[in-house]
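Me: I have a few questions about how terms and values fit together in this model. Could you take them one by one?

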Amino acid sequence: VGPFEAEFKGIEIALRGLALARKRGTRFHLRRISYSPCSEAERNIGVTDEYHDCLAPERMPFAYRASDAFVGASRVEEGFGLPSLEALSCGLPALLSDVAGQREIGGAAVSYFRDGDPGSLAEALPALLSPEARGRARSLGPEAAARFDAADVAERLERAFLAAAGAPAP
């Protein structure tokens with residue numbers, strides 16, 4: 001999920017890793033989602049089977065639930081990885097880049113590949129597509145995602161902002 005051109009999303013790394021996995025015999029159908037049209041550079045990698053641009057936010061849960069797995073290659077510069085959190089909440093097996101932000105979100109509920117390393121992604125992908133990975137994701141993913149309850153996060157942010165402003169907590 002995300003634009004190819006935003007390097008901090010790691011889309012090119014993910015696509016190159018997926019292309020390598022496919023070359024090694026791993027079978028999958030790749031559904032890509034972005035808020036921009038598919039670029040020529042991405043098309044040239046030749047691994048995307050289905051591309052959606054400008055998918056409405058309320059349609060995203062359906063896109064996740066219609067998938068068998070999620071790959072999130074966010075780099076260390078990425079802010080909060082909302083797509084990774086959304087995939088976890090849907091119980092999808094997830095393979096994430098091994099960076100602090102992704103580890104904070106996924107914890108033990110997901111698998112990881114070396115950041116910036118398409119070969120590491122290609123090596124880890126087959127295990128992600130196993131029945132064991134699906135079972136682990138269904139049991140651990142939603143629980144891991146629940147740690148980021150929007151109301152709880154908003155309350156903690158409000159307390160932090162009030163404390164920074166020197167105002168008393170509500």
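Me: What makes Gly25 stand out after α1?
Reply: Its phi. In this predicted model, Gly25 follows α1 and has a positive phi, near 110°.

Me: How do you know that α1 has the span expected of a helix?
Reply: Count and compare. Helix α1 covers residues 11-23, which is 13 residues. The rule allows 1.5 Å for each residue but one. That gives an expected 18 Å, and α1 reaches 18 Å from its first C-alpha to its last.

Me: Why are Leu15 and Leu18 of α1 called buried?
Reply: Buried means under 20% relative accessible area, so that is the test they pass. Leu15 and Leu18 are among the buried residues of α1, and so are Ile11, Ala14 and Ala21. An α-helix has 3.6 residues a turn, so residues three or four places apart point the same way.

Me: What do the buried residues of α1 pack against?
Reply: Contact needs heavy atoms within 4.5 Å. The partners are β1 (31-34), α2 (40-45), β3 (70-72), β5 (111-113) and α6 (118-128).

Me: How many residues of the whole protein chain count as buried?
Reply: Of its 170 residues, 39% do.

Me: Why does the radius of gyration agree with a compact globule?
Reply: For 170 residues, a compact globule would have a value near 15 Å. The protein chain has 17 Å, which agrees.

Me: How many helices and strands does the protein chain have?
Reply: Eight helices and five strands. A helix needs at least four residues, a strand at least two. From the N terminus, their order is α-β-α-β-α-β-α-β-α-β-α-α-α.

Definitions and conventions:
Residues numbered from 1 in each chain as written. Predicted model: local features only at pLDDT ≥ 70, side-chain atom pairs only at ≥ 80, totals over all residues. Heavy atoms only, no water. Rg over C-alpha atoms; globule rule 2.2 N^0.38 Å. Buried < 20%, exposed > 50% of the residue type's maximum accessible area, 1.4 Å probe, protein only.
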